[in-house]
Amino acid sequence: MAPKTGFLDTLLTSPSTERFRVGFSVLFLIGIWLVVGQLSSGMPNNMLLMAAAVIGGYMAINIGANDVANNVGPAVGSGALSLGGAVLIAAIFEAGGAIIAGGDVVSTIKGGIIAADRLDDVNAFVWLMTAALLAGALWLNLATWMGAPVSTTHSIVGGVLGAGIAAGGWGIADWSVMAKIVASWVISPVMGGVLAALFLYAIKRTVLYRQNLVPAARTFVPWLVAIMAWAFGTYLMVKGVKKLVEVDFLGASLVGLAVAAVVFVAMRVLVGRRAATMENSTEGVNTLFTWPLIFAAALLSFAHGANDVANAIGPLAAINDALSAGAVVTAASIPLWVMLVGALGLAVGLMLFGPKVIKVVGSEITELDKTRAFCIALSAALTVIIASQLGLPVSSTHIAIGGVFGVGFLREYLKSNYATQLHKIMEHHDEVEQERLRPFLDDFRNASLEEMESLLKQAKKKKQQVPLSKSERKRLKKIYREEMVKRSHLTRIVAAWIITVPASAMMAALLFFTLRGLLM
């Protein structure tokens, strides 16, 4: 289903409004400069803190523009939310998560990437963190411009690594941590993709492949939504509110189970009421997942804001603490103004520049309906829970994109398998019949995805009139597969993932040397 459009959607995506969006972001950064200048008046090197705050705000804008797409993209692509509605919901919950559950203490050295105690010079530490922030933000800005969803955590990791090596040499880095990060490039998308595909296949077998979809939906959909409720209840307790309420995994699971029980009862009642009027079709089943998808987008945004805001404000808090105390520290309390820079920056970036990546995730990789989007959201929450308990490093960005490709490749496999059966029926024909096949192939090449399937069904019924040779069958199958999952997006996104850490690291190293040369 195509995403809904409206005035706000047009306002957020029209090229004619781009200069106004850029202008508003510049005004936001100028506002940060002025406010921080007032708050830091009298502090030594307050101009450096003001510059760092602007860079932190720029980083937050880019996190909002790129990373948040993973939370709401599937809901938009499936038609559960309009682009404008998704942007508003995500902006509110991202900012809320950052402010409410962003935490009082954030590790300023992400994941133990470098040994900060090896830096005795406060100025070198401040330049290091400033260069890391700016490099991460610049890389995210470039990736967003290219329409490639990348990991914001990996961007800042690369920035800290590159600037750290520039400041303290190769020995300052913890390469075991970096090895885990590299492993996450494979672990995250594979886990997300496999889980999303498994859930979609389960839904197809238990509901969508049944002759009577309505009774099957009444039986299985409440259980599926209850599983999602447990996943999100547990996910939010483990990842979203851990800095407000200290709870172990067992306690979080019990909270999730209580939420799941309530949701199960509510869904049984809702589906029971809808069954009397619900259409006995895939579209009818899809409507049952609309509200779960909206809640999923909101809850994923809240948890993302609570966790990933640290990518913008962690280094900024470190700079603030180092300038205030005149010493290098590894943990810094976060003032409210620093938290607001991150929270508001996430919301501003999402609203001004997020729609481009949202459209890529939601509609340009593969066609999503509400059932497929539901599976992606569910796999995202479950993958984070499983990985955190196994101690595996994962990226929420990579998980979500892996989920999108997972459901796309499952669709491709099921459809191509069906098409293969058709080809086996039609392949035994002589060369004379090939002339009658050419008009069919011309129509097939110009058809939409739905029309392709219809043409194949017609060919099955009239196989004597539309013969297919083995070479032509392979050609047709290739065309059909390319329509199911866009390989060009897969190549571009994977390439962006692979070079994120080294690209941001090299930029950070160059920026560190530049800052040191200018400020020494």
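**Entry 1: T130**

I began with T130, which has its place in helix α6, and I keep in mind throughout that the model I am reading is a predicted one. I asked whether T130 is buried or exposed. Its relative accessible area is 6%, and because buried means under 20%, T130 counts as buried. I then looked up what T130 touches once residues up to four places away in sequence are set aside, and found A52, I55, I319 and L515.

**Entry 2: α6 against α7**

From T130 I moved to the helix that holds it, α6, which covers residues 122-146. I noted that α6 packs with α7 at an angle of about 140 degrees, and that the axes of the two helices are 8 Å apart. That angle makes α6 oblique to α7, since only angles over 145 degrees would count as roughly antiparallel. The crossing of the two helices is right-handed. Which residues make the contact? On the α6 side I listed L128, M129, A131, A132, L133, G136, W139 and L140, and on the α7 side T152, S155, I156, G159, V160, A163, G164 and A167.

**Entry 3: α7 from end to end**

I next followed α7 itself, which runs over residues 152-168. At 1.5 Å a residue, its 17 residues should span 24 Å, and I found its end C-alpha atoms 24 Å apart, so the expected and the computed spans agree. At the N-terminal end S151 acts as a cap, with a side-chain oxygen 3.4 Å from the backbone nitrogen of T153. After the helix comes G169, whose phi is positive, near 90 degrees. How many of the residues of α7 are buried? I noted 14 of the 17, so by the cut-off of under 20% relative accessible area the helix is mostly covered.

**Entry 4: α10**

For another helix I turned to α10, residues 249-275, whose 27 residues should span 39 Å at 1.5 Å a residue. Its end C-alpha atoms are 37 Å apart, which I recorded as agreeing with the expected span. Among the residues of α10 that are buried I noted G251, A252, S253, G256 and A260, and further along F264, M267, V271 and A275.

**Entry 5: the whole protein**

Last, I stepped back to the protein as a whole, in which there are 21 helices and two strands. Of its 520 residues, 57% count as buried. I also looked up how far apart in sequence the contacting residues lie: among contacts between residues at least 6 apart, 85% join residues at least 24 apart.

Conventions:
Residues are numbered from 1 along each chain as its sequence is written. This is a predicted model: local features need pLDDT of at least 70, side-chain atom pairs count only at pLDDT 80 or more; totals for chains, interfaces and linings use all residues. Side-chain values use heavy atoms; hydrogens and water are left out. Helices (H or I, at least four residues) and strands (E, at least two) are DSSP runs, numbered from the N terminus. The expected span of a helix is 1.5 Å times one less than its number of residues. Buried means under 20% relative accessible area, exposed over 50%, partly exposed in between (1.4 Å probe, protein chains only). A polar contact is a pair of N or O atoms within 3.5 Å; within protein, one must be able to donate a hydrogen and the other to accept it, and residues adjacent in sequence count only if both atoms are side-chain atoms. Axes are lines fitted to C-alpha atoms, for helices over the stretch in contact, and angles run from 0 to 180 degrees between N-to-C directions. Angles under 35 degrees count as roughly parallel, over 145 as roughly antiparallel, 65 to 115 as roughly perpendicular and the rest as oblique. A crossing is left-handed if the near helix is turned anticlockwise from the far one by less than a right angle, and right-handed if clockwise. Contact means heavy atoms within 4.5 Å.
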